[in-house]
Amino acid sequence: MATKIRLQRHGKKGKPFYYIVVADARAPRDGRFIERLGSYNPNTNPATIDINFDKTLDWVNDGAQPTDTCRAILSYKGVMYKKHLQGGVKKGALTEDQAEAKFAAWLEQKDGKITGKKTDLVSAKDAARKAALAAEAKKKEEKAAAIVAKNTPPAEEVEEETAVAEAEEAPVAEVEETPVAEAEVEEAPGAEAEVEEAPVAEAATEEAPAAETEETPAAEADSAE
């Protein structure tokens, strides 16, 4: 029976995850399988791969053909490289110890790459978070400055309002002082009226002696009779 190592889809729409299974080559993708070897989650960065290394290597050595995606996954985990080293041991090109040493060195190098990638991702994430915080703080400062500028009138308008206020206050003072001066001027003719009344009194005084002078001859005539 021809067997394949393939992915079996699970999860929800937009966020799938897969089981790595061994199934009959004639079975549908999500149909029955012979054995589950592990899982693959592409939703994380880097992708999360969990497989049973020894069982997967045994199935590959038994002739199970992985699909293209599964071949890439198995190469990433070192299954295909291990098979290649075992083939060299069978041909006599390598000893068992040499094959194990090469595979250990490959695993160490691979782990270093994965660790470096994770570190870079964490650093990039921190840098992006700091940049976002700085951008948000700058946006808040600009918004606050815009509000202050909106509530504060321009200097030219303030100067114009001050000049208008001073111009309005100046005429008020002149108007208040002017009626007082006019009142003083109006009071002056009153004094002249008093002065003009004085000669009238004097004229009355002058008429009195005239009357007395006329009556005196009449009295003298009576006494002569």
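Colleague: What is the order of the five strands in the open sheet?

Modeller: This is a predicted model: local features need pLDDT of at least 70, side-chain atom pairs count only at pLDDT 80 or more, and totals for chains, interfaces and linings use all residues. Residues are numbered from 1 along each chain as its sequence is written, and side-chain values use heavy atoms, with hydrogens and water left out. Strands (E, at least two residues) and helices (H or I, at least four) are DSSP runs numbered from the N terminus, and two strands pair if DSSP finds at least two bridges between them. Pairing in this sheet is mixed, and the order is S4-S3-S2-S1-S5.

Colleague: Which are the edge strands?

Modeller: An edge strand here pairs on one side only. The order S4-S3-S2-S1-S5 has S4 and S5 at its ends. The edges are therefore strand S4 (48-51) and strand S5 (65-66).

Colleague: Do S1 and S5 pair in the parallel or the antiparallel sense?

Modeller: Strand S1 covers residues 3-12. Lys-4 stands opposite Gln-65 in S5. Two bridges join S1 and S5, and the sense is parallel.

Colleague: At about what angle to S3 does helix H1 run?

Modeller: Axes are lines fitted to C-alpha atoms, for helices over the stretch in contact, and angles run from 0 to 180 degrees between N-to-C directions. Helix H1 (residues 53-61) lies across S1, strand S2 (15-24), strand S3 (35-41) and S4. Its angle to S3 is about 115 degrees.

Colleague: Which residues does Trp-59 touch, not counting those up to four places away in sequence?

Modeller: Trp-59 is in helix H1. Its C-alpha is 9.2 Å from that of Lys-4, although the two are 55 residues apart in sequence. Counting heavy atoms within 4.5 Å as contact, Trp-59 touches Thr-3, Ile-5, Val-22, Ile-34, Glu-35, Leu-37 and Ala-64.

Colleague: Where is the cis peptide bond involving Pro-46?

Modeller: Most peptide bonds are trans. Pro-46 is found in the loop between S3 and S4. With omega near -5 degrees, the cis bond runs from Asn-45 to Pro-46.

Colleague: Which residues touch the most other members of the largest nonpolar core?

Modeller: A nonpolar core is a set of buried Ala, Val, Leu, Ile, Met, Phe, Trp, Tyr and Cys residues joined through side-chain atoms within 4.5 Å. Buried means under 20% relative accessible area, exposed over 50%, and partly exposed in between (1.4 Å probe, protein chains only). S1, S2, S3, S4, H1, helix H2 (68-77) and helix H3 (79-91) each give two or more residues to this core. Of its 17 residues, those touching the most other members are Ile-5, Leu-7, Ile-20, Tyr-40 and Leu-74.

Colleague: What does Tyr-40 contact, leaving aside neighbours within four places in sequence?

Modeller: Tyr-40 belongs to the largest nonpolar core. Its contacts are Leu-7, Phe-17, Tyr-18, Ile-20, Ala-47, Thr-48, Ile-49 and Ile-73.

Colleague: How far apart are the end C-alpha atoms of H3?

Modeller: The expected span of a helix is 1.5 Å times one less than its number of residues. H3 has 13 residues, so it should span 18 Å. The distance in the model agrees, at 19 Å.

Colleague: Which elements do the buried residues of H3 pack against?

Modeller: Those buried residues are Val-79, Met-80, Lys-82, Leu-85 and Gly-88. They pack against S4, H1, H2 and helix H4 (96-151).

Colleague: Which phi does Gly-92 take?

Modeller: Most residues other than glycine have a negative phi. Gly-92 comes just after H3. Its phi is positive, about 85 degrees.

Colleague: With which residue does Glu-100 form a salt bridge?

Modeller: A salt bridge is a side-chain nitrogen of Lys or Arg within 4 Å of a carboxyl oxygen of Asp or Glu, and the count comes to four. Here the closest N and O atoms are 2.8 Å apart, and the partner of Glu-100 is Lys-82. Glu-100 lies in H4 and its partner in H3, so the pair ties together parts 18 residues apart in sequence. Glu-100 is partly exposed at 36% relative accessible area, whereas the buried partner, at 11%, is Lys-82.

Colleague: Is Asp-24 buried or exposed?

Modeller: Asp-24 forms a salt bridge with Arg-26, with the closest N and O atoms 3.1 Å apart. Arg-26 is exposed at 71%. At 16% relative accessibility, Asp-24 counts as buried.

Colleague: How many residues apart are Glu-136 and Lys-140?

Modeller: Their side chains meet in a salt bridge at 3.9 Å, N to O. Glu-136 is partly exposed at 42%, and Lys-140 is exposed at 55%. Both lie in helix H4, about one turn apart, a separation of four residues.
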